[in-house]
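Reader: I would like to learn how to read a model of this kind, feature by feature. Could you take me through one?

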Amino acid sequence: MAESTSHEPSTIILEDWFREGVLLAPEAAGAVRSLLGEGFGLPVLMSSHRADCPLEAQGWHHDADSVFGPELNYLQVFYYPQDTPEEMGPTEVLPRSHIAKASRDIEWTGGVSTASPAGTVFITIYPILHRRAKATGTGVRHLLKYNYWRMTPPLRDWVVEPDFDFRAANYGGHHQAWWIAHMFYWLCGDAERFRTVGGQGWPYSGSQHNQVGPSYGFPGPPRRMPPG
Ligand SMILES: [Fe+2]
């Protein structure tokens, strides 16, 4: 990282030590396998976001060509090769900002910092709202960014909790739950099954703990289940 000046040093993907130690490290690859299915595709392009600190915060943005919808065909992944505390301007993300196309006033909600130790991989959905945070420290912050790709149709073949209840699950509050549930059904391979009557009906879950009975409008669990 110290020697490479390219903003797209993609040949690092071809280095065995990087493939084994980062791209296919079990902790990262296991999560990617759960989200993208079997035989997921490795990145072919590497972005290097080098920041000479100190620096003011970047503007909040969705990366170019963000597509909003229930499909999850690739992932946006970040890797910190060195310790990246708050003063070195780690990326900030706004969770759930991928479910609304319009930029939001985030001054009052604030983002979530990804300050973390060397070797951290964090996985997001591509259209999430994010920025480089203000950096007050001195030195160079390195960040690599890349995508993994789905190669097979979605199927619920990740590690499943045996008593998971599609009807009672918490999908979130108003304007969120229907989107999140739709994506979850898509990931289970049965987006066609998903429907909602709206209002207080399934999958709205924000007041579920105050209900005296199960939600109305549940369409049933996904029909396509993994073999066995
Ligand atoms: Fe970005």
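Author: What follows goes from the domains to the strands, then to the helix and to the backbone angles. Please keep in mind throughout that this is a predicted model.

Reader: Into which domains is the chain divided, and what separation do their centres have?

Author: One begins with the bounds and then asks how the parts meet. Here the chain is divided into domain 1, residues 10-149, and domain 2, residues 157-228, and the centres of the two, taken over C-alpha atoms, are separated by 28 Å.

Reader: How many residues of each domain are in contact with the other?

Author: The size of an interface is often given as the accessible area lost when the parts come together. For this model I can offer a count of residues instead: 6 residues of domain 1 are in contact with 9 residues of domain 2. On the side of domain 1 that touches domain 2, the residues divide into 3 nonpolar, 1 polar and 2 charged.

Reader: How should I read a sheet, and which strands lie at the edges of the open sheet of 3 strands?

Author: The order of the strands comes before the details of their pairing. The open sheet of 3 strands is ordered β5-β4-β7, and its pairing is antiparallel. Its edge strands are β5 (112-113) and β7 (129-132), each of which pairs on one side only. Strand β4, residues 91-94, is joined to β7 by 4 bridges, and the two run antiparallel; T91, for its part, stands opposite R132 in β7.

Reader: Is V77 buried or exposed, and with which residues is it in contact beyond its neighbours in sequence?

Author: The criterion is a neighbour count, and a residue is called buried if 20 or more other C-beta atoms lie within 10 Å of its own. V77, which is found in strand β3, counts as buried because it has 21 C-beta neighbours inside 10 Å. If neighbours within four places in sequence are left aside, V77 is in contact with V121, I123, K145, Y146, N147 and Y148. By way of a further distance, the C-alpha atoms of V77 and A57, 20 residues apart along the chain, are separated by 20 Å.

Reader: Which residues of helix α3 are buried?

Author: An α-helix has 3.6 residues a turn, so residues three or four places apart point the same way. In helix α3, residues 177-187, the buried residues are A177, W178, A181, H182, M183, Y185 and L187. Just after α3, G189 takes a positive phi of about 85°.

Reader: Which residues other than glycine have a positive phi, and where do they lie?

Author: Here one reads the angle together with the surroundings of the residue. D65, although not a glycine, has a positive phi of about 65°; D65 lies in the loop between β2 and β3 and is exposed, with 7 other C-beta atoms within 10 Å. H175 is another residue other than glycine with a positive phi, near 65°, and is found in the loop between β9 (144-149) and α3. H175 too is exposed, with 11 other C-beta atoms within 10 Å.

Reader: Where are the cis peptide bonds, and what is omega in each?

Author: For the peptide bond itself, omega is the angle to inspect. A cis bond joins C53 and P54, with omega about 5°, and P54 has its place in strand β2, residues 51-55. Another cis bond joins W202 and P203, with omega about 10°, and P203 is placed in the segment after α3.

Technical notes: Residues numbered from 1 in each chain as written. Predicted model: local features only at pLDDT ≥ 70, side-chain atom pairs only at ≥ 80, totals over all residues. Buried ≥ 20, exposed ≤ 12 C-beta atoms within 10 Å, placed from the backbone. Domains from an automatic or database assignment. Contact = placed C-beta atoms within 7 Å. Nonpolar A, V, L, I, M, F, W, Y, C, P; charged D, E, K, R; others polar. Pairing = 2+ DSSP bridges.
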